[in-house]
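Here is a friendly walk through one protein model, with its salt bridges, pockets and backbone details. Keep the structure open beside you as you read.

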Amino acid sequence: MTTPADFDVRDAAARLSYARGAGERRAALFALLLTPASAAELKAWRAAAEGVAGAERLRADVAQLPRALQLPVFEALLDRSRAAPLDERHALVEGARRLMGADGQVSPLDRLRWLAMRHRLGEAPRAAPRAALAADPAGLPLAVVVEFAAFTGFLARELPEPAADGGIGAAGAVWHARALRPWAAALEPLGGSAPLCRVPDGERLMHALRLLQGLSWMTRPVLLRAWIDALEPPGVAGLGDDAADALRLVATLLDVPLPEPLVARYLDPGWR
């Protein structure tokens, strides 16, 4: 049965679809990045939205969206902004970075949102392809598996569930080891043991991501499947919202289609 809350959500999503001007898109996008109850980020948002007519209405509309609609609306607004001039897109990326760091805390999910933002806006440099690996997606060389392990260490802060202290919890370490099992043969030069599960620094994270992005179109979906299959039980049904968002954002970064069970967790805003 349709409830008044359902109508509120539909109305909010519909109003957000009219955010076409540069300032309106900025206000709506940045509202979707706000950490709840962060006074510093809210102050940064108000500074970024200053002079934008209806900005507070847009922020209120974002607050009405259920979690299953927030990331799809974020992606739709980014796709709409991709046709903007280069200086506007650059300002969006830099403004988002300042807003996320306004309270001195940038979560792993914040970092993924920012990376996906750069990617969808065409602000991130394209990785050089490694077509030679296309023949056997599962047979990754050791150097690639090591970088996969580093990026998986970053994701282990959110998967299978966020650790309370922002680091890697016991469940994350187990998930990391399970994700590397398909490439046990490649790890034989390391004695068959998986690389340690640790959070890479910013430079190492970007190096690992660029290398994974450069893998062939046949190989990249194998990586996403390895992360999903490493969950216990395998699949996304038991994931929390943050973990599901992390996988969806990674799929964007690697330019791979979402598996149907992950698609089913989200709602379609009905506009682009």
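## Salt bridges

Arg25 and Glu88 form a salt bridge, with their closest N and O atoms 2.8 Å apart. This pair ties together distant parts of the chain, since Arg25 sits in helix H2 (residues 22-33) and Glu88 in helix H6 (residues 86-100), 63 residues apart. A salt bridge here is a side-chain nitrogen of Lys or Arg within 4 Å of a carboxyl oxygen of Asp or Glu. By this rule the count comes to 16 salt bridges.

A word on the basis of these values: this is a predicted model, in which local features need pLDDT of at least 70 and side-chain atom pairs count only at pLDDT 80 or more, while totals for chains, interfaces and linings use all residues. Residues are numbered from 1 along each chain as its sequence is written, and side-chain values use heavy atoms, leaving out hydrogens and water. Helices (H or I, at least four residues) and strands (E, at least two) are DSSP runs, numbered from the N terminus.

Burial is given as relative accessible area: buried means under 20%, exposed over 50%, and partly exposed in between (1.4 Å probe, protein chains only). Arg25 is buried at 7%, and Glu88 counts as buried at 19%.

A second salt bridge brings Arg57 and Asp61 together at 3.0 Å, N to O. Both residues lie in helix H4 (residues 55-64), four residues apart, or about one turn of the helix. In general, an α-helix has 3.6 residues a turn, so residues three or four places apart point the same way. Arg57 is partly exposed at 43% relative accessibility, whereas Asp61 is buried at 0%.

A third salt bridge, between Arg248 and Glu75, has an N to O distance of 2.6 Å. This pair also links distant parts of the chain: Arg248 is in helix H12 (residues 241-254) and Glu75 in helix H5 (residues 67-81), 173 residues apart. Both Arg248 and Glu75 are buried. Through shared partners, salt bridges join Glu75, Asp79, Arg120 and Arg248 into one network.

## Pockets

Where is space left open? A pocket is found on a 1 Å grid over the protein atoms alone, as an open set of points where a 1.4 Å probe fits, with protein on both sides within 12 Å along at least five of seven lines; lining residues have an atom within 4 Å of a point. Grid points are joined across faces, edges and corners, and the volume is the space filled by probe spheres set on the points.

The largest pocket has a volume of about 810 Å³. It is lined by 33 residues, and those closest to its centre are Leu33, Leu34, Thr35, Pro36 and Arg113. Two or more lining residues come from each of H2, helix H3 (39-48), H4, H5, helix H7 (108-120) and H12.

The second largest pocket holds about 230 Å³ of space. Of its 15 lining residues, Pro72, Glu75, Arg248, Leu258 and Arg272 are the closest to the centre. H5 and H12 are the elements that give two or more residues to this lining, and H12 supplies the largest share, three residues.

The table shows how the linings divide; Ala, Val, Leu, Ile, Met, Phe, Trp, Tyr, Cys and Pro count as nonpolar, Asp, Glu, Lys and Arg as charged, and the others, Gly among them, as polar.

| Pocket | Nonpolar | Polar | Charged |
|---|---|---|---|
| Largest pocket | 17 residues | six residues | ten residues |
| Second largest pocket | eight residues | one residue | six residues |

## Inside the helices

Asp245 is found in helix H12 and is buried, at 4% relative accessibility. Leaving aside neighbours within four places in sequence, Asp245 is in contact (heavy atoms within 4.5 Å) with Arg67, Leu71, Leu109, Arg113 and Tyr266.

In H10 (residues 202-213), the buried residues are Leu205, Ala208, Leu209, Leu211, Leu212 and Gln213. The buried residues of H10 pack against H7, helix H8 (142-155), helix H11 (220-229) and H12.

## Backbone details

A cis peptide bond joins Leu159 and Pro160, with omega about -5 degrees; Pro160 lies in the loop between H8 and helix H9 (170-179). Another cis peptide bond joins Glu232 and Pro233, with omega about 0 degrees, and Pro233 lies in the loop between H11 and H12.

Ala37 is not a glycine, yet has a positive phi of about 70 degrees. Ala37 is placed in the loop between H2 and H3 and is exposed, at 87% relative accessible area.

Note on methods:
Expected span 1.5 Å × (residues − 1).
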